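Here is a walk through one protein model, piece by piece. Keep the 3D view open and turn it as you read.

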Amino acid sequence: MSLLRRIEQKGKGGEPPKGNEPAASSNLPANRFGGGSNPPDSNSSSDDRGLKSRVSLPTSSAGAGGQGYLDLKSRVQQKLLSELDPSMDTRSAEVRNTIEELFNTILAEENIVLSRAEKTRLFDQIVAEILGFGPLEILLADETISEIMVNGAKNVYVEQKGRLTRSNVVFENEDHVLRVLDRIVAPLGRRIDESSPMVDARLPDGSRVNAIIRPLALCGPTITIRKFSKKPLTVEDLIRFGSFTAEIAEFMRACVIARLNGVVSGGTGSGKTTLLNVMSSFIPNDERIVTIENAAELQLRQEHVVTLETRAANIEGKGEVTIRDLVINSLRMRPDRIVVGECRGGEALDMLQAMNTGHDGSLTTAHANTPRDCLARLETMCLMAGMDLPVRAIREQISAAVDVIVQQERLRDGSRKVVKISEVQGMEGDIITMSEIFEFEQTGYEAGKVIGRIRPTGLRPKFIDRIDAAGIHLPPAVFGIGSLNRF
């Protein structure tokens, strides 16, 4: 009979262990993470205690059994940490094997008998704390979670299917959060401390991480993780999710192949980067693509892709490399296409000039609530470049560079949809003229879901000749011309 079974029998009033059987305090409970509310062992380090607060499965045998499991895990983990070589590269493939050998040795030395399933479960939890991201591991492994928000040690929220909910995962204390955060940013050559309390980073799978700590974050270390699916979303996935229709996808593909310059516009969390990634997938495989981002997120599948990432200033305030620096440098790299993850400052002016000087078909994103607001934002960002340019000159640059604006929006039911596709036609006096090619029409709201569809407005874009010249024929019905069926 395994240790776990004996503990369960004792918790149910059965016979206590007899003879030389190990004490209940060293036993493993039925609960995967332990359900006792007893205070942690004062002899264990914060790293050892970090996983104790992870609660995922309901407990059926709290009390002595749960505390026994916590004591066992803490003791094994503490001894394991003391025997590991601190200089060992935790990213090495051999580290897990080394930990497993030490783990088995410790169990044997302490005469701890566990079943294979129990041993695997305990080992995986300890490895997650030593090599992984501690309590976040269980959330990162859940593919239904799209975003993780840590507001201090005890408040962790997640986004699932567009809805925010509070998770039952917690950290032991703020120091534990900081240790996990250091493990995230250290491999990227970045740091976060009181002198530099904000950082942008990414996880090994490409997920975006933003963190801010005290004294700026009064509630404690705050981490926001925008997860990327292990399998990048494709255009077929977005059609299936209802983000847009197959006809819209064909129109966007035609725009990209015809080398029209595009801007994906939308609010925070509306899905701009995902849509930019999908649109970038339409770029032909024989073109040289240079991507520029604060934290590398785009997952292009073409063969000839050069990925550039900004760099923060060092502790002396030197060595910073901005998106604008990278955009200027990319012009010397012979790119066919330049894809900027997001324009949020003076780099917008350099991006517009690149679009106007032979880098047609470039793409970027911008924060804005409508396509018209997007033009105003681009104008403001150009002024942030510090050039003393008249407003009309900036507007002429924008109208000549940008061909199409795709507006993405997160609706009140949590779904993300393309709500407008607009053509930038040119200048009339001092005003940039636009026309709506497609727009989302909401017809109702039922059972917490927004009901509607994106439809053509009946206007044919002026750049249709450029699409035809690229060898792509879009039938007039796509634009709602000569057909009563608007999808």
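In this predicted model, helix α7 (residues 174-185) lies across β1 (145-151), β4, β5 and β6. Its direction makes an angle of about 55° with β4.

Now look at the strands themselves. Six of them form an open sheet in the order β3-β2-β1-β6-β5-β4, and the pairing is antiparallel. At the edges stand β3 (163-166) and β4 (198-202); each has a single partner strand, so one side of each has no neighbour in the sheet. On average, neighbouring strands here are turned by 15° against each other, direction ignored. To zoom in on one pair, take β5 (residues 208-212) and β6 (residues 222-226), which are joined in the antiparallel sense over five bridges. Within that region, N210 has T224 in β6 as its bridge partner.

There is another sheet to find. Nine strands make up this open sheet, in the order β9-β8-β10-β11-β7-β12-β13-β14-β15, with mixed pairing. Its edge strands are β9 and β15, each of which pairs on one side only. From one strand to the next, the twist averages 25°. Inside this sheet, β10 and β11 (residues 363-367) pair in the parallel sense over two bridges, and V339 stands opposite L363 in β11.

Here are the two sheets in a table.

| Sheet order | Pairing | Edge strands | Average turn between neighbouring strands |
|---|---|---|---|
| β3-β2-β1-β6-β5-β4 | antiparallel | β3 and β4 | 15° |
| β9-β8-β10-β11-β7-β12-β13-β14-β15 | mixed | β9 and β15 | 25° |

Next comes helix α11, which lies across β8, β9 and β10 and runs at about 170° to β8. Which residues of α11 (residues 323-330) are buried? They are I323, L326, V327 and S330. Seen down the axis of α11, these buried residues fall within an arc of 100°, so they line one face of the helix. There's a general rule to keep in mind here: an α-helix has 3.6 residues a turn, so residues three or four places apart point the same way. The buried residues of α11 pack against β8 (289-293), β9 (305-309), β10 and α12 (347-356).

Strand β10 (residues 337-340) is also where you'll find R337. Is R337 buried or exposed? With a relative accessible area of 0%, R337 counts as buried because the cut-off for that is under 20%. The side chain of R337 makes a polar contact with the side chain of E287, at 2.6 Å. Leaving aside neighbours within four places in sequence, R337 is also in contact with other residues, including V256, I257, R259, D360, G361 and S362.

Finally, have a look at the nonpolar cores. In soluble globular proteins, nonpolar side chains tend to be buried together. The largest nonpolar core here has 42 residues, and F244, F251, M252, L275, I421, F438 and I467 touch the most other members. Among the elements that give two or more residues to this core are α8 (235-241), α10 (272-280), β13 (416-428) and β14 (431-446). The most comes from α9, with seven residues. What does L275 touch, not counting residues up to four places away in sequence? The list is L238, F244, M252, V264, V406, Q408 and V418. Apart from the largest core lies another, of 33 residues, among them I292, V340, V424 and I432.

Note on methods
Residues numbered from 1 in each chain as written. Predicted model: local features only at pLDDT ≥ 70, side-chain atom pairs only at ≥ 80, totals over all residues. Heavy atoms only, no water. Core = buried A, V, L, I, M, F, W, Y, C linked by side-chain atoms within 4.5 Å. Buried < 20%, exposed > 50% of the residue type's maximum accessible area, 1.4 Å probe, protein only. Helix = DSSP H or I, 4+ residues; strand = E, 2+ residues; numbered from the N terminus. Contact = heavy atoms within 4.5 Å. Polar contact = N/O pair within 3.5 Å; in protein donor to acceptor, adjacent residues only side chain to side chain. Arc of directions from axis to C-beta. Pairing = 2+ DSSP bridges. Axes fitted to C-alpha atoms, helices over the stretch in contact; angles between N-to-C directions.
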